[in-house]
4 protein chains.
Amino acid sequence: MESYKYDLVITNGICVTASDIASYDVAVKDEKVVLLAPSGSLAKANARRVIDAEGGYVTPGGVDCHVHLEEPALFGRGSSSDTYETGTRSAIAGGCTTIVGFAPQPKSEPSLLSALAQTHVRARGNSYCDYGFHLLVGNPSQQALEELETLSRDEGVTSLKIYMTYTALQLRDDQILSVLLKARQNKIFTMIHAENGDVLNWLTDQLEAQKLFDPKYHSHSRPPILEAEATNRAIALSSLISNTPILLVHVSDPGATLRIRQAQTSGQPIYAETCPQYLFLTRDDLDHPGFEGAKCVCSPPPRDKASQETIWTGLRNGTFAVLSSDHCPFNYDDAEKGKKTCISDEFPVGRFKEIPNGIPGVETRLPLVFSAGRLPLTKVVEVVSTNPAKLYGLYPRKGALIPGVSDADIVVWYPESKKPNLTITNSMLHHATDYTPYEGRKVGNWPRYTILRGKVVWDRDNGGVVGDKSYGQFLKRGPSTLDGLWETVEEQGPFDVASL
Amino acid sequence: MESYKYDLVITNGICVTASDIASYDVAVKDEKVVLLAPSGSLAKANARRVIDAEGGYVTPGGVDCHVHLEEPALFGRGSSSDTYETGTRSAIAGGCTTIVGFAPQPKSEPSLLSALAQTHVRARGNSYCDYGFHLLVGNPSQQALEELETLSRDEGVTSLKIYMTYTALQLRDDQILSVLLKARQNKIFTMIHAENGDVLNWLTDQLEAQKLFDPKYHSHSRPPILEAEATNRAIALSSLISNTPILLVHVSDPGATLRIRQAQTSGQPIYAETCPQYLFLTRDDLDHPGFEGAKCVCSPPPRDKASQETIWTGLRNGTFAVLSSDHCPFNYDDAEKGKKTCISDEFPVGRFKEIPNGIPGVETRLPLVFSAGRLPLTKVVEVVSTNPAKLYGLYPRKGALIPGVSDADIVVWYPESKKPNLTITNSMLHHATDYTPYEGRKVGNWPRYTILRGKVVWDRDNGGVVGDKSYGQFLKRGPSTLDGLWETVEEQGPFDVASL
Amino acid sequence: MESYKYDLVITNGICVTASDIASYDVAVKDEKVVLLAPSGSLAKANARRVIDAEGGYVTPGGVDCHVHLEEPALFGRGSSSDTYETGTRSAIAGGCTTIVGFAPQPKSEPSLLSALAQTHVRARGNSYCDYGFHLLVGNPSQQALEELETLSRDEGVTSLKIYMTYTALQLRDDQILSVLLKARQNKIFTMIHAENGDVLNWLTDQLEAQKLFDPKYHSHSRPPILEAEATNRAIALSSLISNTPILLVHVSDPGATLRIRQAQTSGQPIYAETCPQYLFLTRDDLDHPGFEGAKCVCSPPPRDKASQETIWTGLRNGTFAVLSSDHCPFNYDDAEKGKKTCISDEFPVGRFKEIPNGIPGVETRLPLVFSAGRLPLTKVVEVVSTNPAKLYGLYPRKGALIPGVSDADIVVWYPESKKPNLTITNSMLHHATDYTPYEGRKVGNWPRYTILRGKVVWDRDNGGVVGDKSYGQFLKRGPSTLDGLWETVEEQGPFDVASL
Amino acid sequence: MESYKYDLVITNGICVTASDIASYDVAVKDEKVVLLAPSGSLAKANARRVIDAEGGYVTPGGVDCHVHLEEPALFGRGSSSDTYETGTRSAIAGGCTTIVGFAPQPKSEPSLLSALAQTHVRARGNSYCDYGFHLLVGNPSQQALEELETLSRDEGVTSLKIYMTYTALQLRDDQILSVLLKARQNKIFTMIHAENGDVLNWLTDQLEAQKLFDPKYHSHSRPPILEAEATNRAIALSSLISNTPILLVHVSDPGATLRIRQAQTSGQPIYAETCPQYLFLTRDDLDHPGFEGAKCVCSPPPRDKASQETIWTGLRNGTFAVLSSDHCPFNYDDAEKGKKTCISDEFPVGRFKEIPNGIPGVETRLPLVFSAGRLPLTKVVEVVSTNPAKLYGLYPRKGALIPGVSDADIVVWYPESKKPNLTITNSMLHHATDYTPYEGRKVGNWPRYTILRGKVVWDRDNGGVVGDKSYGQFLKRGPSTLDGLWETVEEQGPFDVASL
Ligand SMILES: [Zn+2]
Ligand SMILES: [Zn+2]
Ligand SMILES: [Zn+2]
Ligand SMILES: [Zn+2]
Ligand SMILES: [Zn+2]
Ligand SMILES: [Zn+2]
Ligand SMILES: [Zn+2]
Ligand SMILES: [Zn+2]
């Protein structure tokens with residue numbers, strides 16, 4: 001029997017969206033936001049549950065569109081320490097209500113649909129939060145390219161990721177052009193991992209020839225110029241296909257950032273993502289005694305302090321549209337599938353080139369950036385929730401608090417008076433990974449409640465994870481709506497080689 | 001007797017804010033937005049009045065922070081053709097519910113408070129829309145600088161404008177530094193008119209020496225480099241005072257735009273405004289037979305087609321935070337106070353250097369840009385309403401639709417099915433000026449209703465201007481909240497000459 | 001019996017070197033310049049021959065370091081229409097006394113020394129001018145890389161050329177790094193043909209898929225961005241190997257030029273070459289009826305008028321260190337080995353992708369640029385003679401007029417009063433190619449005499465080519481001396497991957 | 001009786017010009033270079049004097065075109081410690097054979113010719129080296145502007161200097177335009193001292209208001225941005241007058257350098273000068289105990305280490321055409337006319353704003369830069385001798401070694417084997433100033449002989465200064481010939497305000 005007017009009311013909060021910050025109340029019904037009303041006015045509404053935010057911030061749920069879960073071992077022996085179950089559990093505990101993961105197509109597999117189907121199997125019924133998939137295109141076969149239409153039209157998959165590095169995945173420039181051309185035709189958005197793979201392989205060989213195997217040399221094998229060069233190349237390829245929109249993922253380097261900014265300045269549809277590791281870690285974190293540095297081995301590697309400042313500036317001035325986690329976790333103390341697979345008698349402190357690349361971060365993303373005090377909170381919501389939703393075709397269902405329209409995906413943060421004194425330790429996190437690169441770091445706030453489609457799934461003070469792994473839904477996504485980007489593409493018309 | 005739950009409901013509209021575009025209903029009570037609810041859900045609410053938006057767009061009221069009204073003849077014989085009454089009447093008919101005008105301090109007047117008091121007299125009781133004032137600082141006397149604290153703290157005046165041109169107003173660079181220093185200390189935001197006055201005087205003399213007096217030579221006297229140079233200088237001065245925030249007003253030139261962009265790229269607090277005249281007019285509009293070109297004489301002058309494209313790109317990519325009208329009207333066919341004051345027996349087609357500078361535009365600003373189809377509508381709302389409100393300390397009372405917080409300043413546009421087939425003619429406008437530079441131009445939409453603090457003041461199909469000139473209120477403004485700019489300033493600390 | 005004090009005297013000329021322009025006399029003895037003396041002072045010297053320059057310009061002989069002769073058909077069916085004999089005959093008739101040709105190493109050949117030996121055979125005894133070789137590295141095998149030391153130390157080959165395009169020659173980025181590393185260690189200077197080969201192959205396929213086969217589509221297959229991208233990449237690779245010096249050959253595009261300029265601005269050892277075809281031809285020259293456009297098919301293709309201006313500016317301001325011909329001739333009306341090899345029943349106006357790439361130009365280079373009036377003559381001498389000699393280790397033997405030091409390689413031009421009224425026609429040229437792309441173009445001056453090591457080898461008014469194909473000598477070259485570039489490299493020390 | 005074939009022969013030297021470095025002999029007759037011959041070939045020539053260079057370098061005499069001597073006290077109480085006699089004595093002892101000094105026109109003096117006449121009186125018969133004058137335009141009166149034609153046509157004065165700073169001299173932007181316009185018409189080259197005077201006055205007041213008077217605050221009063229801003233403005237003014245050539249003098253700041261470089265990149269005729277103080281001193285040299293820092297007070301002030309590197313790079317890549325001394329000496333321990341005039345009871349360690357600005361350096365310029373090992377020697381000769389001669393219309397009489405053409409102005413340096421072990425001390429210098437800012441600095445070489453028009457005027461090991469103060473001649477200069485700059489100006493035609 002349903003006698004309540006609202007399923008949930010959040011009262012006395014300071015609501016923050018991508019544009020606004022103000023006190024008002026939010027009511028939820030049938031999984032949707034249904035009412036925004038003056039602050040306190042709904043405190044006594046007829047609701048199944050009323051959460052008193054007590055003056056704390058209330059934000060749309062985090063949308064993390066760069067999360068690797070349960071992927072097969074594409075790059076070597078290591079494989080992900082998180083399943084969809086554990087990864088999404090970690091997500092909601094960190095205020096993230098939607099993730100977009102990857103459906104990886106190995107080189108040996110000509111079909112994207114097949115890769116997608118396999119990924120559905122892994123995620124279905126195993127997700128604490130809502131989820132979608134990007135296709136990770138390892139083999140842009142004729143078949144794969146033709147399947148893009150189906151993916152976009154029928155499967156709700158409107159984005160893909162390609163690599164300019166990693167032997168198992170690296171596409172040549174002509175292959176990238178083929179992908180961009182088909183993506184443009186099908187309003188599919190292309191994410192590019194821009195590091196020059198040939199160069200890094202060469203550098204790796206040089207390092208190994210000098211017996212330099214320690215984790216810290218991971219950074220030497222991928223110097224900034226290698227990222228800046230590939231970024232410039234990716235932008236050139238985009239411009240060649242009549243300015244087809246792309247996103248440079250996990251940008252870490254000021255040189256790459258500047259190149260992206262220049263393209264944006266001249267009106268090209270170049271988007272960029274950065275990640276917490278480029279705001280909070282540096283290359284020094286790879287240079288620890290023994291094998292410890294492996295905990296921070298990801299690609300691109302963290303840079304220096306000055307680079308961090310440039311990345312913060314880029315977030316503030318809009319160069320970066322989104323801040324994702326690039327959650328890509330491997331256990332540290334695991335010689336079977338984790339970081340230590342690269343340790344052997346021959347390489348007692350490991351061999352950097354075989355360290356599985358990636359770090360966990362889906363749970364810490366929001367708390368780190370929300371409480372850093374470096375950005376206006378509206379900007380934080382924009383880059384961690386609203387823009388990802390818009391960019392990946394989830395908006396306005398996700399990333400917003402629009403009555404009758406948006407899913408009731410909401411995070412309630414602690415008010416000043418009840419702020420926890422938090423030091424991050426791995427034991428408080430909910431992934432299945434045996435470490436966090438942020439161990440010992442203080443953060444000023446943390447999600448008190450995470451609400452997914454109107455249901456409290458994380459209640460930090462009363463049970464922690466109270467959601468259910470069968471509750472998360474697959475999200476069919478439409479074309480990107482950020483900045484009206486496909487309208488702009490349509491105005492420019494299709495790529496025409498004869499007009500070059 | 002008050003038996004209505006709401007004073008006004010707007011139902012079935014597509015609401016557009018700076019971040020969101022979606023269908024939902026808006027309820028108003030006691031001059032405020034009080035409820036946002038699912039689309040159609042309030043159609044039958046207990047409201048004094050229900051406006052059915054019929055699928056048309058619903059936006060926050062326009063905020064035009066660059067409007068010259070009833071200013072004394074600072075620059076020569078011409079004086080404004082619009083009073084506060086006629087100017088604000090024009091504003092509401094064009095969807096603009098808030099203006100910020102100027103309180104001009106002549107060089108002969110050492111006090112700013114005195115200038116402010118005189119301006120209050122002109123506006124009080126004579127405004128159809130809400131209004132605030134910037135101080136136009138013509139004489140940065142010691143007294144004036146000391147009054148800034150009072151202006152900011154007590155008078156609700158948190159911005160000022162200074163000039164790098166016009167003999168009557170031009171400040172030297174050292175005077176600008178004094179202004180910036182005091183402005184920084186008092187969280188007052190500084191608008192700068194950046195054209196090199198010494199250079200334009202010299203060019204004017206050169207043109208006159210060659211008997212080149214036609215209106216079109218106004219453009220020759222103010223070439224783009226003169227704006228780019230002054231813009232670079234203004235940015236240098238800002239950076240010298242520990243990066244004190246400034247706004248470059250009415251930017252027209254790609255060179256200036258690029259310089260601004262570079263400063264933003266490196267994280268400096270440099271903001272910029274542009275105006276419809278730089279999107280819709282070109283220098284060719286000054287080159288008409290006889291004296292006609294004088295109708296488009298404003299400063300900086302409109303540039304060329306390529307420059308227009310750069311300005312559109314700058315709006316799209318965020319280089320320009322705001323789009324204002326720079327409404328500065330003079331009658332054309334008026335030899336006493338209008339454009340034709342510069343016509344004499346000696347100068348039968350006028351003398352460009354004496355043409356009163358400025359064009360009307362407060363009424364056409366929103367319709368022109370809203371219906372141009374060049375920007376996402378969220379971006380339009382951002383630059384014509386939300387950002388101006390934030391930048392000038394009016395937010396969230398203005399520029400937003402936040403329940404319990406925002407004034408119910410709302411524009412309802414025509415739905416597709418009822419879109420008027422509009423050709424702009426001066427006769428349809430509501431200013432007291434005898435021409436519009438946009439005569440004959442088609443626009444695709446126009447405000448159907450303009451609502452100010454819950455009251456319909458413009459009902460295009462039923463009475464037109466239905467508001468009242470006594471209804472507009474003076475707005476005490478706080479410090480700018482855009483981008484958390486003063487927080488950033490505080491982090492950097494006060495200017496310290498010893499640390500240079 | 002040798003009773004003459006001088007073998008040759010040139011009197012009454014205006015001598016032009018890279019730095020100086022002034023009237024003085026030059027005396028020659030035993031193949032060397034031996035005396036510089038006041039103008040006219042040697043008119044009656046005891047000399048075997050006295051040439052009265054009659055007020056005409058006297059310049060060092062041209063040094064053309066980018067000449068393809070008698071190369072095997074590496075890129076398809078076409079092969080060079082000029083042998084060493086005919087190419088060098090053409091050179092001296094155009095005022096060029098030294099060429100550096102290419103010793104091409106095919107992919108199938110692991111050894112560079114072998115390629116060099118074969119090239120020696122072709123040139124020896126068959127050259128009208130002095131000559132050296134660059135190694136054209138098609139296969140950077142371990143053996144090849146190890147041979148670089150011998151080449152530099154023993155064989156007088158201190159430069160090599162590599163390709164980022166052409167399937168038969170294209171190196172991957174890691175291969176380029178290997179080459180740069182070894183080149184740095186052996187003070188070998190690296191020339192890079194920077195066009196993105198993968199991209200152009202893709203564009204070519206796209207064009208062919210649309211049945212676009214005409215010669216003009218050669219230009220569409222190689223748009224400017226493809227050159228700018230590869231240029232950026234080459235510079236990145238150079239910077240990675242501790243700023244190893246490179247030369248970008250035949251630069252045509254403003255975007256590439258700007259990138260080069262930026263590198264030079266920041267002090268990187270990046271050098272650039274351009275060619276007459278980028279100063280005097282445009283892409284319109286490829287768009288002629290039928291197959292005619294094939295006459296101007298070279299890579300990169302000529303660009304537009306605005307690009308020409310940028311290239312002239314780049315020559316003037318020092319962005320381009322050298323101006324070479326890139327003489328790479330194929331007969332036009334030749335279906336066996338020339339441009340028409342790509343014509344068939346299926347492709348009656350040819351198939352652009354199979355048109356042999358290249359145009360003749362070794363003879364017209366000096367006259368075109370010397371008489372264009374676009375550059376100071378000292379700058380002309382610098383880029384056509386002195387800088388090439390310095391850059392490729394031929395200086396001061398070549399490229400200068402230093403007594404006791406420089407070979408007496410001298411060009412005497414016509415004085416104003418005797419200037420020929422010249423229209424270029426192929427019949428007046430001395431190559432073995434059946435056309436010139438400059439047919440019908442007027443030039444203002446032409447070498448009257450060309451003198452090689454003291455011997456007149458070209459006397460335009462008395463016999464034309466009067467030299468001998470056995471007179472040209474192979475030039476063992478040392479390391480580059482331009483700008484003290486290797487000193488700078490030595491200061492920076494060897495590449496150290498551990499310091500990245 | 002004249003029985004010698006040559007007045008002087010220099011044998012066994014390594015001659016360095018702007019383009020060439022090689023061993024050859026030089027013969028001199030009647031004040032001119034008359035013969036260049038193979039090395040050693042003139043060792044036994046019939047010469048009045050034979051100097052055996054013993055393998056040392058032989059260079060053209062230094063040309064220092066920025067030397068202040070015996071100027072009246074334009075900027076305050078201080079006045080130059082060097083007269084023409086002592087300054088030019090110092091010049092020849094440092095290898096400088098030509099200076100161009102300034103004829104200062106005070107604001108109170110409408111005529112330039114008058115200022116010139118007075119300067120002639122000071123210099124005539126009192127100069128050890130040859131000399132010319134720039135007009136220092138303090139008052140661009142109508143009369144002054146009209147006199148430019150006479151100056152250029154009759155008086156051999158083809159350059160002028162103007163100031164954007166110093167209250168006594170600062171021109172407004174419109175005045176600068178008037179000067180540039182007339183300079184263009186008369187082929188007069190304009191030097192600009194680019195610092196923003198209004199800003200520096202303001203900063204000075206701020207510093208004084210905080211009781212910061214020490215010499216080191218001179219640097220705080222003139223931060224880099226102030227130079228970069230004025231540089232940008234000067235370039236804008238030049239571009240406005242149809243790209244009229246200018247030289248930015250004494251550039252010290254990387255920001256200014258970059259702006260200059262950008263203008264050069266786009267083909268504008270913007271030239272730049274730097275000085276040894278920006279290569280060898282830093283702002284730390286102003287921060288010494290007590291008043292010592294005053295010894296390094298010059299404008300712009302020396303910057304930091306990183307700036308020095310940028311200036312070196314700018315010399316190497318051609319951004320700076322010339323390296324001058326800006327010799328502007330004041331005695332240190334002199335309370336009447338020297339640095340200590342600013343010391344008083346009230347200001348016991350002085351008052352930075354009253355410290356006479358300038359340092360001595362005409363004697364140390366060549367030794368410092370020649371022996372620094374940072375530039376190829378050809379580049380050194382180019383910037384200290386050949387380019388100054390070309391830029392200021394002295395070439396080829398000065399700045400070169402052309403037989404029959406160039407004055408025999410020659411410096412012979414010590415060979416490796418005889419290199420003195422030199423530590424600079426003021427006692428070894430020949431100016432009349434009581435200190436050198438380079439006290440204690442080691443230099444690797446020094447002029448052994450300085451020869452002016454064939455006469456040895458400095459013989460370090462035998463008498464030191466052996467020249468005569470009556471030997472120096474006034475040099476009538478023609479238009480600049482560097483880079484064919486006036487030809488380019490002529491192509492562009494006169495300034496036309498109607499074409500803006
Ligand atoms: Zn990646
Ligand atoms: Zn990833
Ligand atoms: Zn203005
Ligand atoms: Zn205005
Ligand atoms: Zn090539
Ligand atoms: Zn070639
Ligand atoms: Zn100066
Ligand atoms: Zn000076």
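I began by fixing what counts as a donor, namely an N, O or S atom within 2.8 Å of the metal (3.2 Å for Na, K and Ca), with the caveat that water is not among the atoms, so sites may look incomplete. This is a predicted model, in which local features need pLDDT of at least 70 and side-chain atom pairs count only at pLDDT 80 or more, while totals for chains, interfaces and linings use all residues. Residues are numbered from 1 along each chain as its sequence is written, chains are lettered from A and ligands numbered from 1 in the order in which they are written, and side-chain values use heavy atoms, with hydrogens and water left out.

**Entry on chain C, zinc**

I looked up the zinc ion (ligand 6) and found its protein donors to be C:H66 (NE2), C:H68 (NE2) and C:D326 (OD), at 2.1 to 2.2 Å. Along the chain these donors follow the spacing H-x1-H-x257-D. Because C:H66 sits in strand β7 (residues 62–67) of chain C and C:D326 in the loop between β14 (322–323) and α11 (365–370) of chain C, the pair ties together parts that are 260 residues apart in sequence. For these assignments, helices (H or I, at least four residues) and strands (E, at least two) are DSSP runs, numbered from the N terminus. I noted that C:H66 and C:D326 are both buried, where buried means under 20% relative accessible area, exposed over 50% and partly exposed in between (1.4 Å probe, protein chains only). The zinc ion (ligand 5) lies 3.4 Å from the zinc ion (ligand 6).

**Entry on chain B, zinc**

I then turned to the zinc ion (ligand 3), whose protein donors are B:K161 (NZ), B:H193 (ND1) and B:H250 (NE2), at 2.1 to 2.3 Å, spaced K-x31-H-x56-H in sequence. Two of these donors link distant parts of the chain, with B:H193 in strand β11 (residues 189–193) of chain B and B:H250 in the loop between β12 (246–248) and α8 (254–265) of chain B, 57 residues apart. I recorded both B:H193 and B:H250 as buried. Between the zinc ion (ligand 3) and the zinc ion (ligand 4) I read a distance of 3.5 Å.

**Entry on symmetry**

I checked how chain C maps on chain D, and a rotation of 180° with 0.0 Å of shift along its axis superposes them with RMSD 0.1 Å, which is the relation of a two-fold axis. The fit is by least squares on the C-alpha atoms of residues with pLDDT of at least 70 in both copies. Of the residues of chain C, C:L36 comes closest to the rotation axis, at 2.5 Å (C-alpha). These copies meet through the same surface, because 100% of the interface residues of chain C are also interface residues in chain D, contact meaning heavy atoms within 4.5 Å.
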